[in-house]
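Hi everyone, thanks for coming. I'd like to walk you through one model today, starting with how its chains meet and then turning to the empty spaces. Here it is on the screen.

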Amino acid sequence: MSILIDQETRILCQGITGSQGTFHTQQGIEYGSNIIAGVTPGKGGTTHLDVPVYNTVREASNEHEIDASVIYVPAPFAADAVLEAIEAEIPLIICITEGIPVQDMVAVSDVLETSQSNLIGPNCPGIIAPEQCKIGIMPGEIHKRGNIGIVSRSGTLTYVAVNQTKDFGQSTCIGIGGDPIHGLDFIECLALFEHDQETDAIVMVGEIGGTAEEEAAEFIHSAVSKPVVAYIAGASAPKGKRMGHAGAIISGGKGTAEDKYQALEKAGAHTVRTLAEIGEAVSNLSL
Amino acid sequence: MYIHEYQSKRLLQSYDIPVPRSEVFTQGDSIEKFVANFGGESWIIKAQVHAGGRGKAGGILWVNTKEELKQQINTLMGTRLVTKQTGEDGLPINTLLVEKPAKIAREIYISLLIDRSTKKVTALASAEGGVNIEEIAATSPEKISSVDIHRSTGVQGYHCRLLAQNLQFNKPQFKQFAHIVRQMYALFLEKDASLIEINPLIVTEEESLLALDAKINFDDNALFRHKVIADLRDASQENPMELKAKQHDLNYVKLEGNIGCVVNGAGLAMATMDLIKHHGGEPANFLDVGGNTDEERVTHAFNLLTEDPSVTSIFVNIFGGIVRCDVIAQGVLQALKETELTLPVIVLLQGTNAKQGKNILKDQHELLFPVSNLTEGAMLAIEKAQG
């Protein structure tokens, strides 16, 4: 088993005819992902990479059963694409696009709250269940099916974690995205891994800023029985040069790497202070 | 994106939020003409730089005569202001804001920003404005009111009542306050601001509200739809190397250390800095060449780092994904030749085609040190940096 996706997942690609959409759809098909339809406004009725293209998500979902939609639409139009996928009641939406205006995401999250859809991203590598299904821009060949679940805010750090757990392999790897406002958070992913039979341990890669890692720590303490290895990037990052006071007030001085490490250690997570030690920490779990 | 105080105040004014009467002096203006046009008896000169802590650094001056005004304008213009936020080089003063002093009865704090945990625009207010607001937030957070504003409702009366609960306004003041909150929110939404902070918002001795200082930041990702805002950028306030990096699509931040870093992905770039620090070294920069980097970007990155005189070794840490490590290795060799580098370069290639990449670099150059893992790379970069 894996979480959120598997071999059967039927995938729609929004922005399929663009350069990013084309390249990664091709890679996905080669990996064995089940990409069944695409959307590009104005190109409905054509086929691209042997996949039928529609003008709207609704048109595509009228013709096909769709489980997930991946979005490679440029930033100015990406929020529109996410909202369209929510409207069409696509259960899982993965938005790869980087650089979406944050207020667009405020609007998206309002609509998302009252919907049945789950959003991964934006500004993320996507999700992969190794040897089953790859949705996103991660290099498929570094992954191996196995028993480690990986959840991370950063793209390349996810790959590093994958690389260091290659002796075990991964059940599912999710990049939740580095933007201030995003869809699925650590807690939801931890909960999914906790209930996934294939996952024996979880690697969580966080970053400074916000309080998502602190909240995840509370959740680990109360609801996660599987071992969690955690690394937080950014301990050495200089503080923002001129953030005004508001950011500091709202975080109440929280959000530093040290705060996050303390919260995670208190919750019983196995923390590592450098990314070089992730693999070793997983090996030490005696799985 | 940051803008100057005078620009922030002009924006506030265009949204009908009261600001002090002021004039702006910029390079090339005639000082005689400028001073001649001034009425009143005393003025405040405020140096316009993109940093806080200006008052303590001598960038905000009171003057009482026109002669003094002239003198101080001459003294400040064209110099660099060093505050606790600027670093030792300081920032250039090319513009001065000269304001009529307001008679302050009390100082209030108000701001709007996006709260990433509630995923909403949040308003904050406190009866104790001024420079100690962060201290208040840390020691007595109950003195700060906050409330989320939903996009679908906008600012309602209750938002203003909650924010004003400790602000002790009389009726006309509350009315004025509510208007200011609504207008701030309109500006926030319409211009894709990421922060609007009025600190202090003062109650004058004449009992009305006035925005005495203001900070407005904008979402860089939204500038494509706000040309007017994008045009407010003052490149003189940005680090020249950071500016140059931006032109090549590189995400670069100058730091104080001596180990130059070339990394793909922001997370991995931060983690690489952490690793160097963990082993006792000091990174010279944060540099993200992008998740899907190529040879050309690596060359640009090398060019950039060679311009930083404090760099004594370079640590290249690339995780090959879609872009293969053998391509990156070729790029590193190419860059070494083009930039005629004289610094040791430690290269870690992982991921797609990492072995091929390492083979390409083997025995190619006496200053080139391919490594096999993160810790080895960081330690060697530190060792080589010491000469």
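Between chain B and chain A, 15 residue pairs are in polar contact, with both partners at pLDDT 80 or more. That confidence filter is there because what you see is a predicted model. Which helix of chain B gives the most to the side that touches chain A? That would be helix 9, residues 266-278, which puts in nine residues. As for the chemistry of that side of chain B, we count 26 nonpolar, 19 polar and 14 charged residues.

Staying with charges for a moment, the rule picks out three salt bridges across the interface of chain B and chain A. One of them you can find easily on your own screens: look for Lys120(B) and Glu113(A), whose side chains come together at 3.3 Å, N to O.

Now, the extent of this interface. A common way to give the size of an interface is the accessible area lost when the parts come together. Here chain B and chain A bury about 4,900 Å² between them, and carbon and sulfur atoms account for 61% of that. In residues, chain B brings 59 to the contact and chain A brings 60.

Let's move on to the empty spaces, enclosed ones to begin with. How many cavities of 30 Å³ or more does the structure hold? There are two, and the largest has a volume of about 60 Å³. Its lining includes Ile11(A), His24(A), Tyr72(A) and Lys134(A). Helix 1 (19-31) and strand 9 (133-136) of chain A each supply at least two of the lining residues. By class, the lining of this largest cavity splits into five nonpolar, four polar and one charged.

Last stop, a pocket. The second largest pocket holds about 510 Å³ of space. Of its 21 lining residues, the ones closest to the centre are Asn163(A), Lys166(A), Leu349(B), Gln350(B) and Ser372(B). From chain A, helix 5 (155-164) gives two or more residues to the lining; from chain B, strand 17 (345-351), helix 12 (354-361), strand 18 (368-371) and helix 13 (374-385) do so. Helix 12 of chain B has the largest share, with five residues. The class count for this pocket lining is nine nonpolar, nine polar and three charged.

That's my tour, so over to you for questions.

Methods: Residues are numbered from 1 along each chain as its sequence is written. Chains are lettered from A and ligands numbered from 1 in the order in which they are written. This is a predicted model: local features need pLDDT of at least 70, side-chain atom pairs count only at pLDDT 80 or more; totals for chains, interfaces and linings use all residues. Side-chain values use heavy atoms; hydrogens and water are left out. Contact means heavy atoms within 4.5 Å. Buried area is the accessible area (1.4 Å probe) that two parts lose on being put together, summed over both. A salt bridge is a side-chain nitrogen of Lys or Arg within 4 Å of a carboxyl oxygen of Asp or Glu. A polar contact is a pair of N or O atoms within 3.5 Å; within protein, one must be able to donate a hydrogen and the other to accept it, and residues adjacent in sequence count only if both atoms are side-chain atoms. Helices (H or I, at least four residues) and strands (E, at least two) are DSSP runs, numbered from the N terminus. Ala, Val, Leu, Ile, Met, Phe, Trp, Tyr, Cys and Pro count as nonpolar, Asp, Glu, Lys and Arg as charged, and the others, Gly among them, as polar. On a 1 Å grid over the protein atoms alone, a cavity is a set of points where a 1.4 Å probe fits but cannot get out, and a pocket is an open set with protein on both sides within 12 Å along at least five of seven lines; lining residues have an atom within 4 Å of a point. Grid points are joined across faces, edges and corners, and a volume is the space filled by probe spheres set on the points.
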